[in-house]
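Student: Could you take me through one part of this model closely? I would like to see how its pieces sit against each other.

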Amino acid sequence: MKNPDQYSGIFWILLGGAITVSSFFYGVGSFSTPGPGFITFLAGAVLTLLSVILFISSTRAKGAGESLRSLWEGRQTGKALYILGLLVAYMFLVTPLGFLLSTFLLLIFLFRVQAAYSLRQLIFLSAAATVASLVVFDVWLGVQLPRGFIGRILF
């Protein structure tokens, strides 16, 4: 195989197949009475189908293809790793710090990655997005969000 898309196609075919097969353990049901595994079955089937299309199209592609190293040249991998690190830190800090504080801090750091906002804009946008998500999830949908130490004091 000369094309890296063929390798990724095989990987996604295997993952999609595993998701599709594992959804049967939860019970797929039918269209009229879907079971708990219905959505994962559909997602796995769509992923598998798209992966097969990717594999076939990359097999039929003319040319030598690019090396795996050349695909990463000129990319901003540092930013991607920074964002990944922020999300991992958020995962560990959302419970002890609470949803409000940890989401506000995460958004400040995320907005600083690509956009050139002033400090006032950063604070406003982060606060607005945090409050909007709090209203949607906590008030409208009734999701119990982690309160953290600040939430225990305020609420």
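Tutor: Happily; what follows looks at a pair of helices and then at some aromatic rings. Please keep in mind that this is a predicted model.

Let us begin with the helices. Two packed helices are described by the angle between their axes and the distance between the axes. Here, helix 1 spans residues 4–23 and helix 2 spans residues 38–60, and their axes come within 7 Å, crossing at roughly 160 degrees. An angle over 145 degrees counts as roughly antiparallel, so helix 1 is roughly antiparallel to helix 2. The crossing of these two helices is left-handed. Where helix 1 meets helix 2, the contact residues comprise 11 nonpolar, 13 polar and one charged.

Residue 38, where helix 2 starts, brings us to the rings. A pair of aromatic rings is described by the distance of the centres and the angle of the planes. Across the whole structure, a search finds four aromatic pairs. One of them joins Phe31 and Phe38, with 5.5 Å from centre to centre and 80 degrees between the planes, an edge-to-face arrangement. The two partners differ in their surroundings: Phe31 counts as exposed at 73% relative accessibility, whereas Phe38 is buried, with a relative accessible area of 13%.

Another pair is formed by Phe111 and Tyr117, also edge-to-face, with centres 6.1 Å apart and planes at 75 degrees. In this pair, Phe111 is partly exposed at 24% relative accessible area, and Tyr117 is partly exposed at 31%.

How values were computed:
Residues are numbered from 1 along each chain as its sequence is written. This is a predicted model: local features need pLDDT of at least 70, side-chain atom pairs count only at pLDDT 80 or more; totals for chains, interfaces and linings use all residues. Side-chain values use heavy atoms; hydrogens and water are left out. Axes are lines fitted to C-alpha atoms, for helices over the stretch in contact, and angles run from 0 to 180 degrees between N-to-C directions. Helices (H or I, at least four residues) and strands (E, at least two) are DSSP runs, numbered from the N terminus. Angles under 35 degrees count as roughly parallel, over 145 as roughly antiparallel, 65 to 115 as roughly perpendicular and the rest as oblique. A crossing is left-handed if the near helix is turned anticlockwise from the far one by less than a right angle, and right-handed if clockwise. Ala, Val, Leu, Ile, Met, Phe, Trp, Tyr, Cys and Pro count as nonpolar, Asp, Glu, Lys and Arg as charged, and the others, Gly among them, as polar. Rings of Phe, Tyr and Trp (its six-membered ring) pair if their centres lie within 6.5 Å; planes under 30 degrees apart count as stacked, over 60 as edge-to-face and the rest as tilted. Buried means under 20% relative accessible area, exposed over 50%, partly exposed in between (1.4 Å probe, protein chains only).
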